[in-house]
Amino acid sequence: LRGRAPEHIWNGLPQLTPSQRQKCDGDSVLMLRALYLIITANEANGCPHLLEHPSDAQEKHPERDMASFWAAGQAKALDHLGGKEVHFLQCPLRAPTPKPTTVHTDLGVTHWEHLRCNHQRHQHVQSSAELARWPWGMMLDTAKELVKVASMWGHKLRPRYPGALAE
């Protein structure tokens, strides 16, 4: 649906059908709203952030014209917030496939970058929709970091269920 050129990252390719254009526009609005909320919350009170998106596939395949949020100028807007890009595979975090992923964050999840896949084989997925949800390990690590941050801000969080953040 998208190309790597700046005019195609957000607007999509010129030959899109109306339904493809609608999907492309909806996805673009979602990403831009996430960026706006992250930047606004950070500027208002130093709120930490974590923005996840598939890794830039063109880094491994430079001969192909592959779209990526990380190649968009807007991704660079996160740089002034502090934090860093963390590149990792999701399978060590209990995903069914490797799914190369990048997050920009100032949460304490930089150890993800050092995780390595040790699987002989991965589950075959029929559709990328099966990979839309974060794997359990990624959700758990993120939740633990958010609880740490909230407690540093003086908030008392009580899990709804005892042991909710235990592995």
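This is a short exchange about a predicted model, its cores and one buried residue.

Student: How confident is the predictor in this protein?
Tutor: The mean pLDDT is 88, and 92% of the residues reach 70 or more. Among the elements, helix α1 (residues 6–9) has the lowest mean, 89, and strand β3 (residues 100–105) the highest, 96.

Student: What makes the largest nonpolar core, and which residues have the most contacts inside it?
Tutor: This core has 13 residues, and Trp 10, Leu 51, Phe 69 and Leu 78 have the most contacts inside it. Helix α2 (residues 18–45) gives the largest share, 4 residues. Apart from this core lies another, of 10 residues, including Leu 50, Val 86, Val 103 and Met 138.

Student: Which residues is Leu 78 in contact with, leaving aside neighbours within four places in sequence?
Tutor: Leu 78 is in contact with Leu 35, Ile 38, Leu 51, Trp 70 and His 104.

Student: Where does Glu 52 lie, and why is it said to have no salt bridge?
Tutor: Glu 52 lies in strand β1 (residues 50–54). The nearest side chain of opposite charge, Lys 99, is 4.4 Å away. A salt bridge needs a distance within 4 Å, so the pair with Lys 99 does not count as one. Glu 52 is nevertheless buried.

Student: What makes the pair Glu 52 and Trp 134 a polar contact?
Tutor: Their side chains are joined at 3.2 Å, and the cut-off is within 3.5 Å, so the pair qualifies.

Student: What else does Glu 52 touch, not counting residues up to four places away in sequence?
Tutor: Besides Lys 99 and Trp 134, Glu 52 touches Gln 90, Thr 101, Thr 102, Val 103 and Met 138.

Note on methods:
Residues numbered from 1 in each chain as written. Predicted model: local features only at pLDDT ≥ 70, side-chain atom pairs only at ≥ 80, totals over all residues. Heavy atoms only, no water. Core = buried A, V, L, I, M, F, W, Y, C linked by side-chain atoms within 4.5 Å. Buried < 20%, exposed > 50% of the residue type's maximum accessible area, 1.4 Å probe, protein only. Helix = DSSP H or I, 4+ residues; strand = E, 2+ residues; numbered from the N terminus. Contact = heavy atoms within 4.5 Å. Lys, Arg positive; Asp, Glu negative; His and termini not counted. Polar contact = N/O pair within 3.5 Å; in protein donor to acceptor, adjacent residues only side chain to side chain. pLDDT = per-residue confidence, 0-100.
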